[in-house]
Amino acid sequence: MNHGLEQISPELWEPLELIEKDFEKIEKPSLTFLQDGWRRLKKNKTAMVSMVFVLILILGAILIPSFWPYSYEEQTLTLSNVPPILKIYPLADEVNNICVYITEGYDAIEVTPDGELVQLLQPDYKDIISRKSVYDLNGKELAIDYSLYTQAKKEYSALEKKYGGMELIPADAAVYLSNYFGGGAEGEMVSLAETKKILEEKIDKCTITYDGAKLTQPKSVHNKTFVLGSDSLGRDLFIRVVYGARVSLTVGIFAALVNFIIGVFYGCFAGYKGGNVDTVMMRIVDVIDSVPMTLYVILIMVLIGSGMKSIIIALGLTYWVRMARIVRGQVLSLKNSEFVLAARTLGASTGRIFVKHLIPNMMGTIMVAIAMQIPNAIFTEAFLSFIGLGVSAPMASWGTLCNDALASIYVYPYQLLIPAAAISITILALNLFSDGLRDAFDPKQRK
C-alpha cells in the first residue's frame, strides 16, 4: 500500500534557500553603546555642525602657522592699525595704477587696486598746526587737509561740555558747524543732537587732492596683506588669533586629560571604597574647591613666573574636582550591581573592576562632563590672560588680544571684536556639541 504517497511531488522535499528562511525573520542589527550614541548624535544637526567647526578650528590651529607668511611676533610698524576693510582712493595716474588709503591718523599708505599694502608714504611737508600733509607721489602732489573736521570736532566737544544738559544751543556758538545747518544768526537755537549728526555725516574727515583734483569717491576693498587687519605694532591679527586658538585648545585638551586621568579614578576609588576613605577623600576635594582659581594662579606665578605653565598647573590642581564628584555619585549607584558583585566573587582586582566594569558603564556621563568642562577651561584661560595672569608677550592668546585692544577700542574696534568673536563662537560651538553628546549618550535624556 502506498497510501497516496505517489501524489506528493518530489519538489516539495527540496530544502529552502537561505534567503527564503529569513523572509519572516524580524530583527535589527545589534549596536554597541558607542555605535548607538553616534547614531543618535548624527541626527542632531546642530551638534554635528558644531563638531565640524571644532575640528576645522583644531586643524587650522595646527596647520596654518606652517605656511602662513607672517609669524605671531613679526612687526611691521609702518603698517600698524590697518583694518581688514580698506576705503581706498584711486589716483588718476596714467603711468602707475595706484591707490592710497588714509589712516585714522591721517597718514597715507600706498595700496594696489586689489587691496595689497605697498608702503607707508613719507610726507614732504606736514604741518601739525594747520593740520595738513603734502606728499610727492610720482612727481605729483598728494595733499591731505584735515583741519576743518578737527576744528569742528574740537568745537563740538566744547559745546557738549558747556551745553551737555540742554537740548538746544545757540546757533552762533558753533562757528564751523553753523555753515552746515544754515544758522548762525544771533538768538537762533539749534539742537545739540543735530550738530553731532552734522559732524558725523556732513563734514568729511579730510580733504584729499591729487594733482589739484579732489578725490571724493573711495572704494572698499579687502585687506590682502593682513586678512583680519594689523594691531598697534603692525602684527598680523589673523595669525595671532590662530595662535590664540592654539593656546585655548591646548588648555582645553589638558583640562580634558586631567578630568579623565585624575578626576575619574579619584572619584571611582572614593565611591568604591566608601566609608571613612570616601569621607576623607571628599573632604580633600572640598578644601581644594574652596580656593578660587585666580588665587592658585597668583601663588604659582610667584613660584615659577607667569605664562602658560602657571595656567596649566593651576588647572591640573583644581579642574578634576567636579569630575571626581560626578564619578563618585555614579560609582555609589553601580558598585552594588550584579555584574560588579559577580566580578568581585570571581576574584577580579579593584583596578580590573574599575577599568573593565565601572568606567565603561559610566562612559556616557564621563564624556558629557568632559565636553562641558572644556569650554569652561577655555574661558578661564581667556579671562586670566585678559587680566594679565596668562601667557606673556609676544605670545598671543585670545584674552591678551582683547586686553591689548582696549586702549584703542573706539578708534580700532575690530582689534577687540575679532578675538572676542573667536572666544564666543568657539565656546558656543563646544557647548552645543556637549549638549548633543548629552542627548546622545546620557540614558536619562533618551526618549
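## The sheet from β4 to β12

Five strands, in the order β4-β3-β2-β1-β12, make an open sheet with antiparallel pairing. Strands here are DSSP runs of E with at least two residues, helices are runs of H or I with at least four, and both are numbered from the N terminus; two strands pair if DSSP finds at least two bridges between them. The edges belong to β4 (117–120) and β12 (219–222), each with a single partner strand, so one side of each has no neighbour in the sheet. On average, neighbouring strands of this sheet are turned by 40° against each other, direction ignored; the axes behind such angles are lines fitted to C-alpha atoms, for helices over the stretch in contact, and angles run from 0 to 180 degrees between N-to-C directions.

Have a look at one edge in particular: strand β3 (residues 108–111) pairs with β4 in the antiparallel sense over 3 bridges. There, Ile 109 stands opposite Leu 120 of β4.

## What kind of model this is

This is a predicted model, in which local features need pLDDT of at least 70 and side-chain atom pairs count only at pLDDT 80 or more, while totals for chains, interfaces and linings use all residues. Residues are numbered from 1 along each chain as its sequence is written, and side-chain values use heavy atoms, with hydrogens and water left out.

## The sheet from β5 to β11

Another open sheet has 5 strands in the order β5-β6-β7-β10-β11, with antiparallel pairing. At its edges stand β5 (125–127) and β11 (213–215), each with a single partner strand, so one side of each is left without a neighbour in the sheet. From one strand to the next, the twist averages 20°.

The partner of β5 is strand β6 (residues 132–137), paired in the antiparallel sense over 3 bridges. Tyr 125 faces this partner, standing opposite Val 134 in β6.

## Aromatic pairs and a charge over a ring

Rings of Phe, Tyr and Trp (its six-membered ring) pair if their centres lie within 6.5 Å; planes under 30 degrees apart count as stacked, over 60 as edge-to-face and the rest as tilted. By this rule there are 6 aromatic pairs. One of them joins Trp 68 and Phe 238, with ring centres 4.6 Å apart and planes at 45°, so the pair is tilted. Trp 68 lies in the loop between α3 (45–67) and β1 (85–90), and Phe 238 in helix α7 (residues 237–273), so the pair ties together parts 170 residues apart in sequence. Phe 238 is buried, with a relative accessible area of 18% (buried means under 20%, exposed over 50%, partly exposed in between, with a 1.4 Å probe and protein chains only).

Helix α7 also holds Tyr 266, whereas Trp 320 lies in the loop between α10 (308–318) and α11 (321–334), so their pair ties together parts that are 54 residues apart in sequence. The ring centres of Tyr 266 and Trp 320 are 4.9 Å apart and the planes stand at 55°, so this pair is tilted. Trp 320 is buried, at a relative accessible area of 7%.

## Helix α10 and its cover

In α10, the buried residues are Ser 310, Ile 311, Ala 314, Leu 315, Gly 316 and Thr 318. Their cover includes α7, α8 (275–290), α9 (293–304), α11 and α13 (350–386).

## The chain as a whole

The chain has 15 helices and 12 strands, and 41% of its 447 residues count as buried. Among contacts (heavy atoms within 4.5 Å) with a separation of 6 or more, 65% come from residues 24 or more positions apart.
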